[in-house]
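Reader: I am new to this structure and should be grateful for a guided reading of it. May I put some questions to you once it is shown?

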Amino acid sequence: MELFVQTIINGLILGAGYALVAVGLTVIFGTLHIVNFAHGAFFALGAYAVLVLGYADIPYLLAVPLAVIAVAIIGVALEWTVVRRALYDRGEHGSIIITFALSQAIVAAIILIVGPDPLPVSSPFGQTAISVFGFFLSAQRLFIALTSIVVLAGFAWWLRHSVKGQQILAVSQNPRGALYSGINVPLIRSLSFLLGISAAGLAGALIAPLISAFPTMGNANVIVAFTVVILGGLGSIGGAMLGALVIGLANALFETFVSVSWTPALGWILVILVLLFWPQGLMGRAQINRH
Amino acid sequence: MTQTPISSTSAVQDRNPVVTWGSLGLVVLGAAIILAVGLGVDSVFILTLAGYTCSFALFALSVNLILGGIGEVPLGQCMFFGIGAYVPAILMNHAGMPYEVGIFAGMAFSAVLAVVIGWLTLRLTGAYFSIVSWGLSGVAMVTALNLEITGGPLGLFGFSRLSIGPFDLNKPRVYFYATAIILLLALLFLAHVRTARFGRALESIRQSRHLAQSLGINVFRERLKALVLSAPIAALAGALCIPYMQIVTPDVMSVIRTVDALLAVLIGGTALLYGPVVGSVIFTIVPQFMDLDANVRVLVFSLLIIFIMVVAPGGLHQLMKALQARFVRSSGSKP
């Protein structure tokens with residue numbers, strides 16, 4: 001019983017971390033109508049930014065926001081050079097290939113510059129665990145969950161109550177209508193891309209102390225994010241948050257009670273099952289992506 | 001992908017002759033190239049590489065059957081390639097069966113799997129299809145890593161006899177001839193398929209799924225047929241790569257392989273039947289002479305994919321056409 005509760009707690013905390021990656025992915029899908037296969041690469045970039053800043057003796061808590069800014073800058077540069085030219089209004093087919101190639105390129109660049117081996121990232125929380133009512137929580141995981149909740153709550157509030165946030169929602173609902181009402185749609189798309197990959201970068205920076213930084217670290221997480229986002233319904237932000245908790249729980253339970261070495265396959269199998277039997281997801285709109 | 005206008009080859013033709021001038025030309029040209037390389041080249045390295053290029057081109061053809069055929073991005077096509085490599089390896093090492101039987105078993109198994117997978121997943125389109133396809137290849141790779149029969153992360157190796165009938169594929173020249181002839185046969189077969197009713201149906205589906213459906217084409221069934229046709233070709237390519245690689249590891253199913261094939265297809269252009277073959281030749285030969293580190297290679301090729309997609313989504317074929325159009329226009333405007 002105790003193991004079960006402990007696993008549930010771990011799963012929920014894991015889910016809070018997934019939510020960050022997934023919300024970024026879903027925001028980009030909502031406004032740009034592309035599935036960003038390069039999301040995992042930006043996740044890895046966030047982790048490596050923290051690593052490099054750590055080498056420069058910058059404390060972890062300061063390095064995290066700096067890493068997000070660094071990822072955002074790289075993201076803006078790529079948005080400006082590649083994404084904008086190639087993706088918008090080009091249809092899905094091209095965007096899948098381009099974002100996938102972009103992710104391969106970023107991972108290869110990381111390997112060439114930093115090297116292929118996992119590198120540990122230090123954090124003030126280290127390996128400490130906090131005991132709450134007899135259950136152990138890793139301090140770093142708790143930090144991830146809290147940061148993620150604060151950032152996502154802030155983001156949700158910002159979407160609802162700021163002009164730019166409202167514009168993002170408008171573009172994701174109906175880009176043409178948004179354009180006709182005088183919204184600068186290209187700007188909003190760039191902004192959404194920026195926000196989405198910054199969230200991925202933040203998630204990478206937060207998770208790095210737990211799993212070390214390695215070039216393909218984004219793959220596993222972006223796969224989980226795909227599951228989450230598809231489960232929640234592509235483009236739905238609330239759905240992504242809910243989906244993240246569900247998947248976090250599923251992963252933790254599977255890892256504890258079934259098998260660790262088969263866990264990577266679980267994410268894929270869940271994606272496939274959800275897409276096959278529930279393609280609109282928990283909170284998504286009905287899709288025309290079936291026939 | 002850009003919507004290419006209906007080309008002259010897909011004009012209405014009621015008859016579908018098995019032997020056309022086009023396919024005859026293909027045979028003559030193909031045979032000439034095969035003989036030229038087979039007789040003219042003595043280097044073991046180049047012959048082996050040419051053999052591998054042919055099997056890789058076969059895989060690119062299979063990818064293009066989906067990409068250029070029904071307009072989906074089959075990120076998980078590497079799974080069929082991997083199955084094509086694993087089944088003969090398993091049958092040879094664990095059951096002592098000959099290589100040829102393994103090749104056919106792999107092709108049959110991948111076709112059956114394609115029926116099941118296609119029946120489940122081809123109702124999805126666009127990014128959804130790509131994600132599921134990628135996902136399945138991920139599951140396949142995890143399975144290959146965890147099972148005992150696949151040799152786990154170490155893979156399978158030490159094959160005693162790699163020959164088709166009396167032809168020993170461990171000999172570089174024989175390997176090249178065998179793969180090249182199989183590639184030529186596959187091209188002929190696909191050329192026939194393209195001009196057949198099925199090929200026309202695919203083209204109309206690629207251009208507009210809904211219009212095709214309204215014309216009475218069973219879109220789902222034709223898409224399924226395309227996948228079931230492409231899977232054994234990918235499996236055959238995987239099996240023919242064994243003499244080159246000499247080892248089958250879970251990496252054989254890595255999605256990087258699909259990315260490589262996508263690049264080859266994109267270089268050559270998706271609209272042409274032999275585009276992927278031209279792309280594969282460029283793709284496998286050029287890096288050998290640039291002596292690139294594996295990661296530099298991935299970086300350069302990924303950037304190349306992005307460049308092609310941004311500048312010329314139709315590949316070399318489109319570039320040539322654009323150049324031709326410009327040339328005609330400029331020469332025509334002169335007095």
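Reader: With which residues is Ser62(B) in contact, leaving aside its neighbours within four places in sequence?

Author: This is a predicted model, in which local features need pLDDT of at least 70, side-chain atom pairs count only at pLDDT 80 or more, and totals for chains, interfaces and linings use all residues. Residues are numbered from 1 along each chain as its sequence is written, chains are lettered from A and ligands numbered from 1 in the order in which they are written, and side-chain values use heavy atoms, with hydrogens and water left out. Contact means heavy atoms within 4.5 Å. By that rule, and without the neighbours within four places in sequence, the partners of Ser62(B) are Gln77(B), Ser230(B), Ile233(B) and Ala234(B).

Reader: Is Ser62(B) buried or exposed?

Author: Ser62(B) belongs to helix α2 (residues 44-67) of chain B; helices (H or I, at least four residues) are DSSP runs, numbered from the N terminus. Buried means under 20% relative accessible area, exposed over 50%, and partly exposed in between (1.4 Å probe, protein chains only). Because its relative accessibility is 0%, Ser62(B) counts as buried.

Reader: How many cavities of 30 Å³ or more does a search of the whole structure find?

Author: Rolling a probe the size of a water molecule over the atoms shows where empty space is left. On a 1 Å grid over the protein atoms alone, a cavity is a set of points where a 1.4 Å probe fits but cannot get out, and lining residues have an atom within 4 Å of a point. Grid points are joined across faces, edges and corners, and a volume is the space filled by probe spheres set on the points. For cavities of 30 Å³ or more, the search of the whole structure gives 2.

Reader: Which element gives the most to the lining of the largest cavity?

Author: The largest cavity holds about 90 Å³ of space, and its lining includes Gln77(B), Thr121(B) and Leu136(B). Two or more lining residues come from each of α3 (78-95), α4 (99-121) and α5 (126-146) of chain B. With 3 residues, the element that gives the most is α5(B).

Reader: Which element supplies the largest share of the lining of the second largest cavity?

Author: About 50 Å³ of space lies in the second largest cavity, whose lining includes Gln104(A), Ile256(B) and Arg297(B). At least two of the lining residues come from each of α10 (255-268) and α12 (294-311) of chain B. The largest share, 4 residues, is that of α12(B).

Note on methods. 1 Å grid on protein atoms, 1.4 Å probe; cavity = no way out; pocket = protein on both sides within 12 Å on 5 of 7 lines; lining within 4 Å.
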